[in-house]
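Me: I'd like to take a close look at one small part of this model, where two helices pack together. Could you walk me through it slowly?

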Amino acid sequence: MNKLILGRYFPGDSWLHRLDPRSKLIAGVAFIFIIFLADSLQAFALLWVFTLFVMRLSGVGFRTYVRGVRPLIWLILFATLMQMLFRTGGATFVDWGPITISEYGIINGFYVFCRFVLIIFFSTVVTLTTKPIDLTDGIGSLLRPLRKLKVPVDELALMLSISLRFIPNLMDETQRIMDAQRARGTQFGEGSLIQQMKTLVPIFLPLFASSLNRAEDMANAMEVRGYQSGTKRSTFRQLSWKRIDTASLFIMVVLAGVLLVVRTI
Amino acid sequence: MAMQVKFHNVAADYKLGPIRQSFVLQSVNLAISSGTFSAVIGPTGSGKSSLLKVLNGLLVPKQGQAHIGDQVIEKENDKHVYKEVRKRVGMVFQFPESQLFAETVLQDICFGPINFGVPFEEAKKLASDVIEQVGLEQDILTKSPFSLSGGQKRRVAIAGILAMNPDILVLDEPGAGLDPKGKAEIMSLILNWHRKKEMTTLLVTHDMEDVAHYADEVIVMENGSVVMHEEVRDFFSDDQRLEKWSLELPNARRFQLKVEQDTGVKLPNICLTKNELVEALIKVGLA
Amino acid sequence: MVQQLEVENLTFQHDQRLNSKTLSNVSFTVQKGEWLAIIGHNGSGKSTLAQLLVGLLVPENGQISADGLIMTEDTKWEIRRKIGLVFQNPENQFIGSTVQDDVAFGLENLNMSYNEMKIRVDEALEMVNMTRFRFHEPTNLSGGQMQRVAIAGALALKPSILLLDEAFVMLDPLSRKDLLETLENLKITEDLTIISITHDVNETAVSDRVLVMESGEVVNSGSPEEIFLAEQAIDPPFAEQLRRDLMAKGRSVPETYMTEREMLGWLCK
């Protein structure tokens with residue numbers, strides 16, 4: 001749990017922290033598409049420079065980003081290796097039946113590796129600099145057109161924001177119940193699989209019971225404060241699109257443009 | 001069995017998710033003699049709960065040692081140390097009813113003892129003994145813990161700890177959330193058990209009435225350190241110092257100070273309870 | 001006198017299999033600007049009463065009216081705007097992600113414009129002295145602070161009655177004392193009507209009138225002085241306890257309820 005960096009927020013006051021979550025979300029999605037425009041070493045060099053620059057802007061140390069890649073490293077290396085071993089074309093260095101290491105293979109392996117790492121780095125920038133609640137607001141706002149298709153976007157956004165709000169409480173509660181059962185002699189992570197499963201019952205049952213209670217309390221609290229699902233609500237948390245947000249999206253467009261130009265050369 | 005608790009330069013920190021709280025405990029030195037009832041007080045986040053957790057091996061010191069009887073908890077420990085310590089130290093967490101899980105009250109109470117190697121038949125006897133100690137009827141043993149009222153659940157949870165026959169009992173606000181009557185009942189059953197079993201008891205509380213009524217000694221924590229450890233009457237004698245820590249006085253003592261100020265008559269002793277105050281007022285002829 | 005709340009013959013049964021009613025024939029009224037304390041042991045039906053008053057439960061019999069409006073399935077949303085309810089558990093009623101978001105929650109439900117919400121939120125936070133915590137997340141707040149936020153959330157809706165359902169029970173003594181002072185001030189400055197369902201002696205002592213409930217019925221009502229004198233089973237404030245003990249020791253204390261000041265005066269005689 002502690003190792004997962006993607007999806008975590010690092011408080012700060014950088015330029016990126018102050019961007020509207022919507023512009024960051026759009027940029028994040030756009031980046032995934034942009035990355036597939038790159039098909040040359042020069043293009044990737046440009047993307048690396050760009051990404052490293054953005055990472056630097058976030059004010060979060062480079063090491064944190066590397067830690068974010070670590071849980072996925074085997075998957076990335078596997079994909080890279082597949083390219084290197086099976087792709088043919090150009091000069092062939094090794095040829096062992098189906099396994100060939102070729103010039104194209106090495107280059108493509110490198111591209112695949114870069115794409116993975118760049119996408120992870122860039123999305124990590126988005127989540128590290130945006131509060132989960134702001135991300136929720138941003139997603140809710142961007143998906144608003146789906147309301148026309150009868151998708152309950154506002155309800156879903158509220159649900160998501162309340163879940164986020166209660167995650168720390170749930171973690172505390174889990175910790176507390178685990179401590180209590182350990183104090184009563186439970187030893188986690190010992191014995192056969194069945195024994196280990198058994199030790200989970202005294203955790204999950206109380207957790208489930210208390211979550212039900214909590215849910216009932218919350219539902220009552222929401223209802224007495226006038227919450228009715230399906231009615232129109234205003235929002236107190238305001239998103240404000242600033243000139244700098246437009247500017248950042250413009251930079252993404254420029255980036256895409258440059259890559260397109262490099263591509264045709 | 002006599003059990004001494006000694007902390008020698010204990011420091012510890014927490015890691016929960018990305019947040020590492022640096023040194024929730026720092027160089028704690030503490031000696032609690034066997035058979036005493038100590039109250040642990042201090043503002044939220046001063047390290048009270050962490051102190052309790054170290055006692056039970058739930059939080060491992062980064063530096064220093066905690067001696068519990070003849071067991072030592074330090075940075076690196078054998079697993080059997082934890083087992084031995086947890087067997088001796090009974091821990092009642094805040095809102096302990098949230099740990100109930102078994103099908104019946106009997107099974108829930110037996111959970112601790114059985115984990116520590118007590119045979120089922122013996123554990124059953126312990127349970128039926130302890131359920132009366134907490135003021136509940138025998139027939140509750142066959143019920144589901146989830147069907148009980150809030151106050152009953154609290155008692156069952158405490159019974160589950162007492163059934164482990166600990167030598168040291170550690171309680172974190174055992175009366176929290178109960179009405180005054182329910183709280184007084186819980187506190188008096190704990191006091192009785194403490195006396196009967198000659199236990200060493202530690203009570204974390206915010207309520208100065210609890211401190212005045214039940215504790216022999218007071219441990220004050222601030223920013224992860226023990227800043228004071230005193231006999232309870234000495235502790236309440238210095239009201240200016242209490243004010244500095246923004247601690248309340250217990251009613252009797254507060255009233256005593258007012259009476260002394262208004263009448264100019266000094267009462268012969270420091271009164272911690274209503275009974276003591278009544279006696280003192282009569283003795284000096286004010287009432 | 002304006003009747004802010006009228007409750008007539010309220011009857012409710014939780015479990016239809018049982019013969020005893022959770023509440024039977026409960027009637028009372030509350031006047032504007034009054035502080036009514038409702039006390040009684042667990043299981044006396046106090047919390048059921050709170051849920052009935054805001055329409056979370058529907059009574060078997062009887063009628064509730066607030067500001068002259070009778071509670072029905074159709075009017076219950078309007079009545080909830082008149083009666084702001086603060087629950088026992090500080091954590092579970094904190095819906096928003098920050099202090100100010102939570103205070104705004106009820107306003108959002110009214111589809112209020114941002115500018116108006118902003119004013120209301122600022123006012124409400126000011127009333128409970130929580131302005132400097134407005135951006136805080138609930139994990140960084142104490143129980144007492146969360147209850148303040150809950151009160152602000154209720155007050156932001158400008159209710160005519162603030163209903164506290166054992167709102168102090170999870171708090172430590174110091175937070176209780178602070179919060180009680182805040183409420184006493186609000187009652188004066190905002191001309192607030194307060195109904196507090198409580199076990200807390202101090203909360204009872206500051207009220208104007210006390211209602212005693214026992215197994216679903218109102219068994220007594222009167223000023224705190226009258227109730228503390230009449231109901232020996234209820235723990236009174238410290239000075240009155242002292243008076244009782246002194247009397248039991250055969251001392252010649254007055255036979256009427258005594259406040260702390262009166263007791264001090266008597267001791268100084």
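Which residues in H10(B) meet which residues in H10(C)?

Reply: Happy to! This is a predicted model, in which local features need pLDDT of at least 70, side-chain atom pairs count only at pLDDT 80 or more, and totals for chains, interfaces and linings use all residues. Residues are numbered from 1 along each chain as its sequence is written, chains are lettered from A and ligands numbered from 1 in the order in which they are written, and side-chain values use heavy atoms, with hydrogens and water left out.

On the chain B side, Arg254(B), Phe255(B), Lys258(B), Val259(B), Asp262(B) and Thr263(B) take part, and their partners in H10(C) are Glu260(C), Met263(C), Leu264(C), Leu267(C) and Cys268(C). Contact here means heavy atoms within 4.5 Å. Helices are DSSP runs of H or I with at least four residues, numbered from the N terminus. Sorted by type, the residues of this contact are six nonpolar, one polar and four charged. Ala, Val, Leu, Ile, Met, Phe, Trp, Tyr, Cys and Pro count as nonpolar, Asp, Glu, Lys and Arg as charged, and the others, Gly among them, as polar.

Now for the geometry. The axes of H10(B) and H10(C) come within 10 Å and cross at roughly 45°; axes are lines fitted to C-alpha atoms over the stretch in contact, with angles running from 0 to 180 degrees between N-to-C directions. The two helices are therefore oblique to each other. Angles under 35 degrees count as roughly parallel, over 145 as roughly antiparallel, 65 to 115 as roughly perpendicular and the rest as oblique. The crossing of H10(B) and H10(C) is right-handed, meaning that the near helix is turned clockwise from the far one by less than a right angle, while anticlockwise would be left-handed.

Both of these helices also help to cover H9(C), along with H11(B) and H8(C). Eight of the 11 residues of H9(C), which spans 238-248, are buried, that is, under 20% relative accessible area (over 50% is exposed, in between is partly exposed; 1.4 Å probe, protein chains only). Among the buried ones are Phe238(C), Leu242(C) and Leu246(C), but also Glu240(C) and Arg243(C). After H9(C) comes Gly250(C), with a positive phi near 80°.

For comparison, try chain A. The axes of H2(A) (41-58) and H5(A) (103-129) also come within 10 Å, crossing at roughly 20°, which makes this pair roughly parallel. Their crossing is left-handed. The residues of this contact divide into 15 nonpolar, three polar and one charged. Among them are Phe44(A) and Trp48(A) in H2(A), and Phe121(A) and Val125(A) in H5(A).
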